[in-house]
Amino acid sequence: MELFWILLFSSACPLTLGQGVYARANAQIVHSGAACNVKDDNISERIYTIKEGDTLVLQCIVKGHPRPQIRWTKTAGSASDKFQETSIYNETLRIEGILRVQGGRYYCKADNGVGVADIKSIRVDVQYLDTPVLTVHQTISDVRGSYYQEKTVFLRCTVNSNPPARFIWKRGNMRIEQSKDNGVDIYEPLYTQGETKVLKLKNLRPKDFADYTCQVSVRNVCSIEDKSVTFRLTNATTPPMIRLSVNDSVVVDPGQDVFLTCEITAGFPPPKVTWSRYPGPLPLSAQVRGQTLILRAVTPTDAGFYNCTAVNNVGNPARKNVNLIVRTMGNLTFQITPDSNKDSETIQMGRDLKLSCHADATPQDKVNYTWYKNGAPVFNSDSLILLRSDPDMAPGTSSLEIVDMKFRDLATYSCVANFPGSRVPELRVDVNISQNSVTPPVLSVPPGGQVVSVREGGNAELACLVVDGKPRPPILWSRVEKDVLMSAGKAVVETPDGRLRLKNVSRDMMGLYRCQTAPYNGLNIKRREAQIQLNVQYPPIVDPVFQDVRSRNYQMVTLRCLILRSNPPRLTDIRWFRNGDFIRMPMPDLKETPELKFKLEPASNGSYECRVSNSAGMSTCTFNVSAQPYNAEFYFDTPNPVRIQKGNNYSYNLQWTQKDPEATDRIIGYWVNVRKNKQSLLSKQIDLKGKEPEKGVLLSHTISDLRIPLSYEVRLAPITTYSTGDYISRIIQYSEPYTYPRPSDHVCGFEDDRICGFSQDRSDVFDWTRQNHLTQNPKRSANTGPETDRSGTKEGYYMYIEASRPRVQGDKARLLSPLFNVTSVRGPKGSGRVPYCVSFYYHMKGKHIGTLNVLLRVRSIASVDSVVWMKSGHQGPDWKKAFFDISPSGPFQIVFEGIRGPSFEGDIAIDDVSITIGKCKQGNTVATAGKTVLIGGSRSLPLASWLTAGLASVLLLLHR
C-alpha cells in the first residue's frame, strides 16, 4: 500500500501524437560472461575468445517496430551459412561449461515482419590446452662391417590445444637447445594428429639416460597454465608385449562364466592394461581384476570382440583381440524341392526330391544336422545322399537328396539340429513325404478382400489365404511401391496364417500390398502371390483451421472454408454454427466451397464454425469474428523516456502504435494499468479526444510519480464504442536520463547528497561512498585515504572506496555519471563527432592500492564499455589531476571503476569531476568557465527546456 499514492494520477497533458513508423529489425550482439578477448576480425565478423569450461553469454540486442523476434542458431565452421535445426528463441544465449566442439559461428536473427530480417554473427573461439602425451620409439640399425650397434631414440610429444602450443624440452631441469647439443634433433613431423614435437637422441650416450620433460604452453592465453609430462629413459626401456590366455575365438554356452587374461611378457616401465569391446562398451556385469576380464553368466548380447591393450608409452601399444561367441539356435525351417531339372512342382515317382533343413544359429558353421527316416538314422547310400552344407542353399543348410524316388522312399523324415557337447537345446522338424501329403499351394484372396477400406486411426486386416496345398507355407507381406517399408519398419513381414493385421492405420499406409508364399516350410517352387489395395479414409482437410477475423460493426463479413483433400471425396454434410448454436440456412451445395455471408453486429460477434463431413468423419474451420480492435504494439526504442521528478520520483514516456486501426470500429481511447508485484497501482482511461490512431504513427502517454529505481508492469488495451481490446503488457525500468549540454561553470565536487546525478552501478560488488573529514570513521584505516577534499577544506566532500573488510582483492565499485546526449551539437568542421574533455582529481595513497579505471560507456543499440584512463598502485599522499579527450559516437556515460587491492590500506578517492565540450587545453584547470556538460547542478531541466533541446536534436540530425 505504500506505493499506492505514487501513481494516483499521470501528468496533466498525458497524450501526444508524434511521428513514428514501422521499422525493420536491427540487431547487435554484445557479450558478457567469461570472455578472454573480443576483437573485430574484419568489418563483418567479431571473434569472442573464451576458455573451455567457462560460461558463454551472448546477448542479441534488437531495435525495430514491432518488437522483433529473436532466434539464435549456430554453424560449426565460419564458411557455412546454413542454420542448424536446433534454435534458441531468446535474447540471451547462455552455455554453461562450454566445450571445444561448441566453438564456431553463432548467428542472431531478428525479424519483425517489416522488410528483411537482420542477421548478425560472432565467431566463438574456445581456447584449451590438454595434458601432453609423451611416447618413446626406438630404432636399432646394424652398421655394415662392424660388430657394434647404433641405438637412436625418438621422444614424441603430442598435445591438443587452441591456440597452437609452444614446446619446451628439458633433460632433468635443464632446457635442451639443439644448437648447443649435437646429439639431439628437435623437429616437427609431418602427417600427425594434433600438434607434435619430436626430440631425437642420436647414438645414445650415458648422459642421455635421464628424466625428459615435455612442457607445453599457450602463453597464458585465457589464463591457461602450462602443462607438462615427464618420462624416465633407462637402458631397460622396452615396449610392451602381451599374450592371451585363450585362443583368438572363444565359443561358450549361455550362462557360462568367461575369464580372459592378458599376460604381460615384456615392457618397461610396467605397462598398463585396459580392456574394451567392439561394438559397444563392456557389459555392465563385466569385472576387471588386474589383467583379467571376468564375464559372469554370459548372454548372447555379451558376444563381440574384446580387446586387450597394454601401454607404457614406449613404442606402439600392444594389442590382442579375442572373439567371444555365445551359442544360440532358433527358427528351424525346412524346404521340399521337387526335381529342379524336370521343372516339376509335385512329387513324382522316378524323379529326384530334395529335403533341406536350416537353423538360424550362432556360430552357423558349428551346427550339426542329423537326418532320420521313420525314426532311424539316415546314412549315405545310392538312393539317399546327405549334404552337410548344401552349396545351392543358404549357408549352414543341410540337405537330404532322394535319388530316383521309389515307393520305399515314402516316409516321415526328421531333421535334428544341435551343437555337439553343448547345453543349448536341440531343434527338430518332421516332414511327411507321401503322394497325398505334398501338393502345391493355392493362394486366394477372400471375396471382397481385394480392396480393404478403413478409417484413419482404425484397425485393418488384409487376408491372403492358402486354400489348398500341403504343407501350407507361411505368407510374406511387402509393399508394392519401391523402397516403401512396412509399418513395422521392415521390408518383409511374415504371417503364419496369411492375415496381416494393421493397427492405428494412417494415410501414409495407404497403397498396394503384395502377399507371397514363403519358399520354406513347404514346397520350394515358384512363389504364389496376390495384391490387395488398402484404402485409408479420412475426414476432409480444411483451410483455415482457425482464423481471426476483425471487422467494423454493421459491415458485411464473408467466411470461406476451403476443402483441400478428402477421402472419400464426396461430402455428406456442411453445417455452420455460431457460439455452438446451429445456424438455420438453406442446404448448401455440397460441390461448392462452403461460404457464409452476414452483416456483423454487436450481437453477432463470436466464434463461427463450419463443420464439413464425409463418410469418414468431420473437420471444422473455426473463425473468431469480432469488432474488437487489434492489440496495441509497444514501442521499445523511445529515446530517453525517463524524466527525473521531485521526491526521488521519475516519469516514463510510454509510446506505442495501433495494429490495423482501420480494421475495426474507431478507437476512442485506451485503458492503461500500472502494476507492481501484481498489485494494481493505477488504472485510468486515456481519451484520444476525437483523434483516430493512424497505422505506424506513435502514440504517447506520460506516466508520472514512479519511484526511483523501481520497475513496473504496464498494461494497455484499446477502446472502441462497442468493445475493449485485449491487454498487452511490458515492463518499464528506470534508467539514467540523457543530460543535454548547457553553459555552466560548475564542476561536480559531490557537495550535494544527490552527487550531481551520479549513480551507483547495481551490477558491481560494492558502492562508492560520499564523505568529508567530519564524517570520517574515527576507526578507519590509517596510512590510506585523503584527509580533506581536493580544495583542502575539511567540510568539502569527495567520493571514495573503502578497502577494509568485508572487501576482498578484486572487488569492484562503479560510479556512473549521468547519461549525456551528443546529438544536439556538431563537431569541428569535417568531423561528425564532438570532442569532450574529461577532468578530475584522484587520491591513491597506501601500500595496498589497487586500480582506478575510467571507462567510456557509449550507448547505441547496446552499451559498450572501453577503458580510456587507468592508474594502479600507490601514487603519493596528495591529490593529483587527470584529464583526457574523448569523442563518443553516441549518448555516453563516464564510469569510475575502483578495484580493491591486496589488503585494507587501499582507499581510492575522486573529486571535482567535469566534462566540458571541446578538447582539453594544456594546463587545464577544473574550475575554468565555459561550456560544461550538466554535472554540477542537482536540478532537472524544466519541461520546456527538454522539448527545446529535443527539437534542436531532431533538426540538427535532419540537417546532417
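**Exercise 1. A proline after a cis bond**

Task: In this predicted model, determine where P544 is placed and which geometry the peptide bond from D543 to P544 has.

Solution: Begin with the position, since P544 sits in the loop between strand 44 (529-543) and strand 45 (546-550). Then turn to the bond that leads into the proline: the peptide bond from D543 to P544 has omega near 5 degrees and is cis. A further case can be worked in the same manner, for R805 and P806 are joined by a cis peptide bond with omega of about 15 degrees, and P806 belongs to the loop between strand 65 (798-801) and strand 66 (812-816).

**Exercise 2. Positive phi in two asparagines**

Task: State what phi is near in N313 and in N677, and decide whether N313 is buried, partly exposed or exposed and whether N677 is buried or exposed.

Solution: For N313, phi is near 65 degrees, which is a positive value in a residue other than glycine. This asparagine, N313, is found in the loop between strand 25 and strand 26 (318-326), and its relative accessibility of 29% lets N313 count as partly exposed, given that this class lies between the limits of 20% and 50%. For N677, phi is near 55 degrees, again positive and again in a residue other than glycine. The loop that holds N677 runs between strand 56 (667-676) and strand 57 (679-687), and with a relative accessible area of 70% N677 is exposed.

**Exercise 3. A left-handed disulfide between strands 11 and 17**

Task: Establish how far apart the sulfur atoms of C157 and C214 are, what the handedness of their link is, and which parts of the chain the pair ties together.

Solution: The sulfur atoms of C157 and C214 are 2.0 Å apart, and the two residues form a disulfide; the cut-off for this assignment is 2.5 Å. About the S-S bond the angle is -85 degrees, and the link of C157 and C214 is left-handed. Because C157 lies in strand 11 (residues 149-159) and C214 in strand 17 (residues 211-217), the disulfide ties together parts that are 57 residues apart in sequence. As a last step, consider the surroundings of each cysteine: C157 has a relative accessible area of 0% and is buried, and C214 is likewise buried at 0%.

**Exercise 4. The sheet that contains strand 17**

Task: Work out what the strand order is in the open sheet of four strands, and which residue stands opposite D211.

Solution: The four strands of this open sheet follow the order 14-13-17-18, and their pairing is antiparallel. Strand 14 (174-175) and strand 18 (227-232) are the edge strands, each of which pairs on one side only. Strand 17 and strand 18 are joined in the antiparallel sense over six bridges, and the residue that D211 faces is R232 in strand 18.

**Exercise 5. Two further disulfides and a cysteine left unbonded**

Task: Find how many disulfides a search of the whole structure gives, describe what handedness the links of C262 and C308 and of C561 and C621 have, and explain why C610 is too far from the closest cysteine sulfur for a bond.

Solution: The search of the whole structure finds eight disulfides. One of them is formed by C262 and C308, whose sulfur atoms are 1.8 Å apart, and with -80 degrees about the S-S bond this link is left-handed. C262 is in strand 21 (residues 258-268) and C308 in strand 25 (residues 304-311), 46 residues apart, and the pair links distant parts of the chain. C262 counts as buried at 0% relative accessibility, and C308 is buried with a relative accessible area of 0%.

The disulfide that joins C561 to C621 has an S to S distance of 2.0 Å. Its torsion about the S-S bond is about 70 degrees, so the link of C561 and C621 is right-handed. Since C561 lies in the loop between strand 46 (556-560) and strand 47 (562-567) and C621 in strand 52 (residues 617-626), the pair ties together parts that are 60 residues apart in sequence. C561 counts as buried at 0% relative accessibility, and so does C621 at 0%.

Finally, the closest cysteine sulfur to that of C610 is in C561, and because the distance is 4.0 Å it is too far for a bond. C610 is itself buried, with a relative accessible area of 0%.

Terms used
Residues numbered from 1 in each chain as written. Predicted model: local features only at pLDDT ≥ 70, side-chain atom pairs only at ≥ 80, totals over all residues. Heavy atoms only, no water. Helix = DSSP H or I, 4+ residues; strand = E, 2+ residues; numbered from the N terminus. Buried < 20%, exposed > 50% of the residue type's maximum accessible area, 1.4 Å probe, protein only. Pairing = 2+ DSSP bridges.
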